[in-house]
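Colleague: I would like to learn how to read a few features of a model. Can we take them one at a time?

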Amino acid sequence: MEGASYQRFPRVKIRELKDEYAKFELHDTDASMANALRRVMIAEVPTIAIDLVEIEVNSSVLNDEFIAHRLGLIPLTSQRAMSMRFSRDCDACDGDGQCEFCSVEFHLRAKCISDQTLDVTSKDLYSSDHTVVPVDFTDSAGYESSEQRGIIIVKLRRGQELRLRAIARKGIGKDHAKWSPAATVTFMYEPEIHINEDMMDTLTLEEKQSFVDSSPTRVFDIDPNTQQVVVVDPEAYTYDDEVLKKAEAMGKPGLVEIYAKEDSFIFTIESTGAVKAFQLVLNAIEILKQKLDAVRLSEDTVEADDQFGELGAHMRGG
């Protein structure tokens, strides 16, 4: 219909927020936008990860390629990743990827001089930028520093040595998983569950208990005071239809109705620690806005070409 507007104003309600974990509700939007946000968080929010390793000495039991691979997968704090340049686009070093604007340099020097095995960990990596360092999991893991010294890279015995130089660069998960800031990002439709109370009253207590037990997850329970079946955790429902099948098997179709709210989603986010969970969401929204602006600009360009023909293309330098 001419003049009709389909603009929506999504709302967010935060349920739980920690440095590396977030759970929130997203309302008044559709699945395409929710999934776009999820995919951007996984694959397009930039972080910093080790991308080049120059090994000077390696007498450990692991070969050079193995160690380089392990170094690349160590999450680095990436708060400044959004403002850094991609190495391929850096004009300060002509795309070499080894300048202060597009890279961070790390050094590691370790040698075992005793009979006790030496653990070489992410704590032994020394950074040229104090804002980009290996993520410290000591607090979240619940260990004291004497018990846990970071992510183990390799173990050395007496006389073995490891010396290397590493360059960390900005990247996105679409290029390699080591740059993905998200351990997991999931969303589900918010379920809406309605119990037919009149039909439920016709069941015996044993039948009610059998109905409750038919759900693989604890969605329903029996109120000890009223002996009525109640919904205790609608979000535990996994859309498995087991309770619906049970109702039909009992000869009570329509005993319960379950719908998925098509404009309401529950997001669960776990960060690798490179970016805090709340910042991961904000960065993803900013990147999604940039992508939508690019699409809008492209449409305006096509419209200008249609209106002005060769003149519009000439004004853009085409």
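Colleague: Is Leu282 buried, partly exposed or exposed?

Modeller: This is a predicted model. Relative accessible area under 20% counts as buried and over 50% as exposed. Leu282 has a relative accessible area of 47%, so it is partly exposed. The residue is found in helix H7.

Colleague: Which residues make the nonpolar surface patch with Leu282?

Modeller: Val12, Ile14, Leu17, Phe278 and Ile285 join Leu282 in a nonpolar patch of about 550 Å². Two elements, S1 and helix H7 (277-308), each give two or more residues to this patch.

Colleague: What is the strand order of the open sheet of four strands?

Modeller: The order is S1-S2-S12-S9, and the pairing is antiparallel. Strand S1 (11-17) and strand S9 (182-195) are the edge strands, since each of them pairs on one side only. On average, neighbouring strands of the sheet are turned by 25° against each other, with direction ignored.

Colleague: Over how many bridges do S9 and S12 pair?

Modeller: Strand S12 covers residues 256-271, and its antiparallel pairing with S9 extends over 13 bridges. To place one of them, start from Val185, whose bridge partner in S12 is Ile269.

Colleague: Which strands does helix H1 lie across?

Modeller: Helix H1, residues 31-43, lies across strand S2 (21-27), S9 and S12. Its angle to S9 is about 155°.

Colleague: Now a residue in another helix. Where does Glu242 lie, and which residues is Glu242 in contact with beyond its neighbours within four places in sequence?

Modeller: Glu242 lies in helix H6, which spans residues 242-249. With those sequence neighbours set aside, Glu242 is in contact with Ser214 and Pro216. For a C-alpha distance, take Asp213: the two residues are 29 apart in sequence and 9.9 Å apart in space.

Colleague: Why does Glu242 count as partly exposed?

Modeller: Its relative accessibility is 32%, so Glu242 falls in the partly exposed class, which runs between the 20% and 50% cut-offs.

Colleague: What do the totals for the protein say?

Modeller: The protein has eight helices and 12 strands. Of its 318 residues, 36% count as buried. Its accessible surface comes to about 18600 Å², and carbon and sulfur atoms hold 50% of that.

Colleague: And what share of the contacts with a separation of 6 or more comes from residues 24 or more positions apart?

Modeller: Such residues account for 73% of those contacts in the protein.

Note on methods. Residues are numbered from 1 along each chain as its sequence is written. This is a predicted model: local features need pLDDT of at least 70, side-chain atom pairs count only at pLDDT 80 or more; totals for chains, interfaces and linings use all residues. Side-chain values use heavy atoms; hydrogens and water are left out. Two strands pair if DSSP finds at least two bridges between them. Axes are lines fitted to C-alpha atoms, for helices over the stretch in contact, and angles run from 0 to 180 degrees between N-to-C directions. Contact means heavy atoms within 4.5 Å. Buried means under 20% relative accessible area, exposed over 50%, partly exposed in between (1.4 Å probe, protein chains only). Accessible areas come from the Shrake-Rupley method with a 1.4 Å probe; for residues, only the protein chains shown count as cover. Patches are made of residues with over 30% relative accessible area and no salt bridge: like charges are joined within 9 Å, nonpolar side chains (Val, Leu, Ile, Met, Phe, Trp, Tyr) within 5 Å. A salt bridge is a side-chain nitrogen of Lys or Arg within 4 Å of a carboxyl oxygen of Asp or Glu.
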